[in-house]
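Please examine the model shown here, beginning with its pockets and then turning to its nonpolar cores.

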Amino acid sequence: MNKILKKMYLKYLLVILLGVILIGTYQLGFLDYLNFDFLKNNLGRVQAFYAGHPLKAIVVYFSIYLFATTLSLPGAAILTMFAGAVLGTLYGVILVSFASSIGATFSFWIIRFLLKDYIGQKFQTQFSTINKNIEREGAFYLLSLRLIPIFPFFVVNMAMGLTSISTLTYFVVSQVGMLPGTIIYVYAGKKFSELTSVSGILNPQIILVLVLLGALPFMAKFLMNALRNYRLYKKFNKPKKFDFNMMVIGGGAAGLVTSYISAAVKAKVALVEKEKMGGDCLNYGCVPSKALIKSSKIIHSAKKARLFGLKNIQIDFDFAEVMARVKRVIATVEPHDSTNRFTGLGVECFSGEAKIISPYEVKIGERIYTTQNITIATGSKPLVPKILGIENANYVTSETIWDLKILPKKFLIIGCGPIGCEFAQCFSRLGSEVTMIERSDHLLSREDLEVSTLLEEVLTSEGVRTLSNHSVQEFLEVDRVKYLLCGTSKGVVRYEYDLVLIAMGRLANTKGFGLEELGVAISSNGT
C-alpha cells in the first residue's frame, strides 16, 4: 500500500478511536470522578486504599493522570493537588511530574501526526519562518510557556505539535518547565480537605511567584545578551563625541527611507552611496521595468483592438526609442532620490565607498567619521552562476539589460521568478521570440500553484514558451550560432538564442565594506 495512503487511513482510524474514547468518557461520567467535590468527599477512602495497596494505588493514579492529560481533559489541577493529599509532597511531585510530561508528549504526538503535514502545507510560508525560530530558540519559548500557568497546557501541546521541535526537547523542557507549578499544586494538596475550591490556592502571592518564574527565561536571555554585547564591544573604544547619530551605507530605497525618517526626527544623519542614488529600484528595478511594461502593454492592447470594437490599430515603433523612453522616465523620477533633495532635508550625503572599521567608526575616503548607529542598506546584485561557457555567452542581467538598443530575435530567459516573468511578457509583446528555462516543475516556484498555472497560461497565450524541469549545463557556439544546453528527463537538449537573460535570483551585497574584518556573522542565504 502507498505510504501516503496508509498514513491517511491511520489518521482516520486514530480520529475515530479518539472520538469513541471521548464520547465514552463523557457518556460514562468519567469526568465526575475528577470533580473537586467527589475527590474531597472520597479522600479518606483513597488514603486508606493507598496505605493498604501503595503500588496498585500508584499505578491506578498514574494511569488516570496520563489518560486525562493525553486527551486534555479538565481536572489535571485537581488531580495534582489530590496527589499531594494522598501521596505526600515528594512522591506526589515525582509521580505528577512524569505523568504530566508523558501525557503532554502523547498529546503532542497526536497533534503532530494528525495535523502537522496538512497545516504545514496549507501555511507553508508562515510555518517556514516559525520553524526557523523554533530551531533557534524553541526550547526557550516552550520553557516560558510552561512556566506561566495562564497558558492552558493543551494549547501549548497543540501549538508545539505543529512545529519542528524535537520530541526529546519537548519532553525534557516540559518536565523542567511544569515542575515549579507541580510543586506548588502538590504542596497545596496537603490541605486538600480544607479547601473549598481549586482557586483557593491561587492567591496573589502564588500568582506573582508563577509569573516571576515565567519571566526568568526572559531575564536570563536579557542578561546573556548584555554579557555577549559587552564581550563584543569591550575591544572597541567608544568615542565621547559623535559626528553623526546615524550613518547609512547605501542610497537605495531602504537607505533613503532610513535617512529621511532619521532626519525628520532631528537626528544628524550621513548617507553614503558609491554608485547611483536611488539604488536598484530607481535605476534597474521598479521604475525602468514599469516603464517598459507600460510601453509593451500599449502595443499589446493595440493588437487586441478588435476585442474592444475598434478597427485594427497599426503601431510602428523603434525598440531603441522605447529603451530611450525608459531612461527618460528614470531621469524624471531621479530628482526625488537625488543628493540635492536629501541634502535639503538635512542629510549629509557622501559619494564614495564606506568602510566600517568599528561599531562606532566608518571610513569614507581618507577620513574616519564617528557615529552612534550604522544602518547597512547595501542592497543586492543579480546572481550569475558559474555555467560552462558563460564567459563567451551573450548574456545580460536585470541591471545591464537597460543598455540594449536592438531587440533580440530569439530571447532566452533562465529563471522563471518575478523578474524573468516580467521581462518575458514585455519582450514577447515587443516582438521577441521568448523561451523561458526553469529548473523546478513550474514557474514562480515560491507562489501558490494556482497562481503559477494561471500566469503560465497567460504567457503561453501571448507566445512565450515555458520549459520546466530543465537544468542548465553549458553555453556553446556552433558556426557562429549560440546555443544553451539543458539536461531534461529525456536527455540533453539545446536551444538557439541571440541574447540570454540570467534571472536566477539575487545575492546580498555584504562584502567589501568591513563586515569580514569585524567578524559579523552572515546567514546561510548570504544576508
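Helix H16 (418-430), strand E12 (471-478) and strand E16 (506-508) each contribute at least two residues to the lining of the largest pocket. Helices (H or I, at least four residues) and strands (E, at least two) are DSSP runs, numbered from the N terminus. A pocket is an open set of points on a 1 Å grid over the protein atoms alone, where a 1.4 Å probe fits, with protein on both sides within 12 Å along at least five of seven lines; lining residues have an atom within 4 Å of a point. Among the 31 lining residues, Arg 439, Arg 446, Ala 503, Met 504 and Gly 505 lie nearest the centre of the largest pocket.

This is a predicted model, in which local features need pLDDT of at least 70 and side-chain atom pairs count only at pLDDT 80 or more, while totals for chains, interfaces and linings use all residues. Residues are numbered from 1 along each chain as its sequence is written, and side-chain values use heavy atoms, leaving out hydrogens and water.

H16 also gives the most to the largest nonpolar core, with six residues. That core (buried Ala, Val, Leu, Ile, Met, Phe, Trp, Tyr and Cys residues joined through side-chain atoms within 4.5 Å; buried means under 20% relative accessible area with a 1.4 Å probe, protein chains only) has 33 residues. Leu 292, Ile 401, Phe 427 and Met 436 have the most contacts (heavy atoms within 4.5 Å) inside this core. Met 436 touches, among others, Gly 420, Cys 421 and Ala 424. Apart from this core lies another, of 29 residues, including Ile 78 and Leu 114.

How values were computed:
Buried < 20%, exposed > 50% of the residue type's maximum accessible area, 1.4 Å probe, protein only. Lists of a residue's contacts leave out its neighbours within four places in sequence.
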